Number of protein chains: 2
Amino acid sequence: MEILHAAARVFRRRGVAAAGMREIAEEAGLSPGNLYHYFSGKDEILLFCQERTLERMHAAVQAAKGPAAERLRMVLRAHVHCMLDELEGATAHLDVESLPPKLRAPMIDKRDAYERAVRAIVAAGVKNREFARCDASLVTRAMLGAVNWTARWYRPDGPQMPDEIADALSEYLVKGLA
Amino acid sequence: MEILHAAARVFRRRGVAAAGMREIAEEAGLSPGNLYHYFSGKDEILLFCQERTLERMHAAVQAAKGPAAERLRMVLRAHVHCMLDELEGATAHLDVESLPPKLRAPMIDKRDAYERAVRAIVAAGVKNREFARCDASLVTRAMLGAVNWTARWYRPDGPQMPDEIADALSEYLVKGLA
DNA sequence: CTAGAATTCGAACGATGGTTCAAGTTTTGA
DNA sequence: TCAAAACTTGAACCATCGTTCGAATTCTAG
């Protein structure tokens with residue numbers, strides 16, 4: 001859906017709270033009122049953006065095979081690409097609080113499930129001595145923080161491509177577990 | 001200033017954009033209109049909150065002595081404490097975009113100066129073989145992302161104290177440089 | 001060709017948010 | 001003691017935001 005792409009660009013440019021329906025409408029090339037023929041409101045637009053991204057991240061977890069270090073690198077790389085490739089990822093983990101409680105709860109569940117999945121990889125690596133002993137929960141949050149943060153500083157016209165960032169970042173983050 | 005503490009709590013609880021002057025006033029124990037006797041508006045309140053935190057972080061950089069690894073750990077630990085100890089830190093790096101351009105520019109300068117200072121420690125460590133070769137800029141951003149992210153998931157009633165989080169997190173982040 | 005459905009528009013509504021202000025109250029200092 | 005300064009208030013103002021709606025336009029199918 002083209003509208004979601006447009007909305008995601010505005011969310012990213014202005015921040016979710018500051019993004020107005022009028023600006024989203026203009027970015028998508030239709031009138032403000034017309035948005036409501038496709039979505040019930042701003043909340044639903046945000047929800048769809050977030051679900052899209054989070055499903056892509058879940059898929060990356062499922063697709064990861066091999067030793068824990070390798071799986072972790074794959075997931076983190078996919079996560080970075082979600083954040084940077086299209087301009088949509090930023091709203092996923094980053095603004096769950098903007099949703100009304102009814103929509104927020106299931107979204108948080110999915111986000112937590114993703115975090116648990118990543119943590120499980122870390123824990124598995126610790127168990128078979130691939131990684132040093134560590135607080136898997138804390139380390140997982142550190143990793144996710146580092147990758148989520150890319151959405152804040154990445155500039156498409158910067159010196160590095162998303163792919164290089166994904167490589168270098170995931171390598172550094174996994175290295176800290178050795 | 002007690003008002004700044006109250007404002008910071010509301011910023012943290014609701015997010016900067018969703019925090020209203022009326023709620024800040026109530027949290028601070030005075031009337032909405034009275035806020036304007038102490039600050040020119042919401043923007044200025046946010047600015048002061050951010051400056052306070054950032055100055056504390058700069059101070060931590062100045063205070064750090066010893067080998068690069070040790071200095072880095074000290075800075076990161078201080079950064080985490082800034083985020084979690086008082087409830088004020090979260091607005092610092094996290095919502096610079098909410099400021100109007102006039103106030104934002106000098107704020108971004110200070111934030112960038114802090115980032116450069118941290119990066120300088122990383123680069124110094126690489127230069128004297130304390131750390132492995134790496135992209136100092138990227139690694140610095142990864143570290144800052146990880147510590148900034150703590151403000152998102154930390155809960156005062158959680159199992160870990162800020163001090164434990166600061167220790168474990170800084171240790172993991174520096175370990176990735178070995 | 002045409003009737004019905006789908007789409008599109010933009011003005012208007014109600015709510016909310018930051019801010020102002022005239023008027024009261026308290027504090028200060030001589 | 002008392003006047004000036006500082007502080008405090010709560011209502012009101014204005015802009016903006018999400019949303020609604022009736023009407024106009026375009027698309028679709030028989």
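The paragraphs below lead through a predicted model of two chains, A and B, from one helix to the contact between the chains.

A convenient starting point is helix α4 of chain A, which covers residues 68–84. This helix has 17 residues and reaches 24 Å from its first C-alpha to its last, close to the 24 Å expected at 1.5 Å a residue. Many of its positions are shielded: among the buried residues of α4(A) are A68(A), L72(A), V75(A), L76(A), H79(A), C82(A) and L84(A). The cover over the buried residues of this helix includes α1 (2–14), α3 (42–63), α5 (91–94), α6 (101–127), α7 (136–153) and α8 (162–175) of chain A.

One contact of this helix can be followed to a single residue. T53(A) has its place in helix α3 of chain A and is buried, with a relative accessible area of 5%. Apart from neighbours within four places in sequence, T53(A) is in contact with C82(A), E88(A), G89(A) and A92(A). Of these, C82(A) is one of the buried residues of α4(A).

Helix α4 also carries charged side chains. E70(A) and R73(A) meet in a salt bridge, at 3.5 Å from N to O. An α-helix has 3.6 residues a turn, so residues three or four places apart point the same way. E70(A) and R73(A) are 3 residues apart in helix α4 of chain A, and are therefore separated by about one helical turn. Both partners are partly exposed, E70(A) at 33% relative accessibility and R73(A) at 26%.

In chain B, the side chains of R77(B) and D163(B) meet in a salt bridge of 3.1 Å, N to O. Because R77(B) lies in helix α4 (residues 68–84) and D163(B) in helix α8 (residues 162–175) of chain B, this pair ties together parts that are 86 residues apart in sequence. R77(B) counts as partly exposed at 26% relative accessibility, as does D163(B) at 36%.

Elsewhere in chain A, a network of salt bridges links E2(A), R9(A), R13(A), R14(A), E23(A) and E27(A). Within it, E23(A) pairs with R14(A), their closest N and O atoms being 2.8 Å apart, and R14(A) is partly exposed at 46% relative accessibility. Over all chains, the structure has 24 salt bridges.

Aromatic pairs are few in number: the structure holds 2 over all chains. In chain A, F39(A) and F48(A) form an edge-to-face pair, 5.7 Å centre to centre with 65° between the planes. F39(A) is buried, with a relative accessible area of 4%, whereas F48(A) is partly exposed at 32%. In chain B, F39(B) and F48(B) are likewise edge-to-face, at 5.7 Å and 65°. Here F39(B) is buried at 4% and F48(B) partly exposed at 31%.

Disulfides number 0 over all chains. For C49(B), the nearest cysteine sulfur belongs to C82(B) and is 13 Å away; C49(B) itself is buried, at 4% relative accessibility. C134(B), by contrast, counts as partly exposed at 31%.

The last topic is the meeting of the two chains. In chain A, 26 residues are in contact with 26 residues of chain B. The chains bury about 2400 Å² between them, 63% of it on carbon and sulfur atoms. On the side of chain A, L138(A), W149(A) and Y172(A) lose the most area to chain B, together 30% of what that side buries. Between chain A and chain B the count of salt bridges is 0.

Definitions and conventions
Residues are numbered from 1 along each chain as its sequence is written. Chains are lettered from A and ligands numbered from 1 in the order in which they are written. This is a predicted model: local features need pLDDT of at least 70, side-chain atom pairs count only at pLDDT 80 or more; totals for chains, interfaces and linings use all residues. Side-chain values use heavy atoms; hydrogens and water are left out. Helices (H or I, at least four residues) and strands (E, at least two) are DSSP runs, numbered from the N terminus. The expected span of a helix is 1.5 Å times one less than its number of residues. Buried means under 20% relative accessible area, exposed over 50%, partly exposed in between (1.4 Å probe, protein chains only). Contact means heavy atoms within 4.5 Å. Rings of Phe, Tyr and Trp (its six-membered ring) pair if their centres lie within 6.5 Å; planes under 30 degrees apart count as stacked, over 60 as edge-to-face and the rest as tilted. A disulfide is a pair of cysteine sulfur atoms within 2.5 Å. Buried area is the accessible area (1.4 Å probe) that two parts lose on being put together, summed over both. A salt bridge is a side-chain nitrogen of Lys or Arg within 4 Å of a carboxyl oxygen of Asp or Glu.
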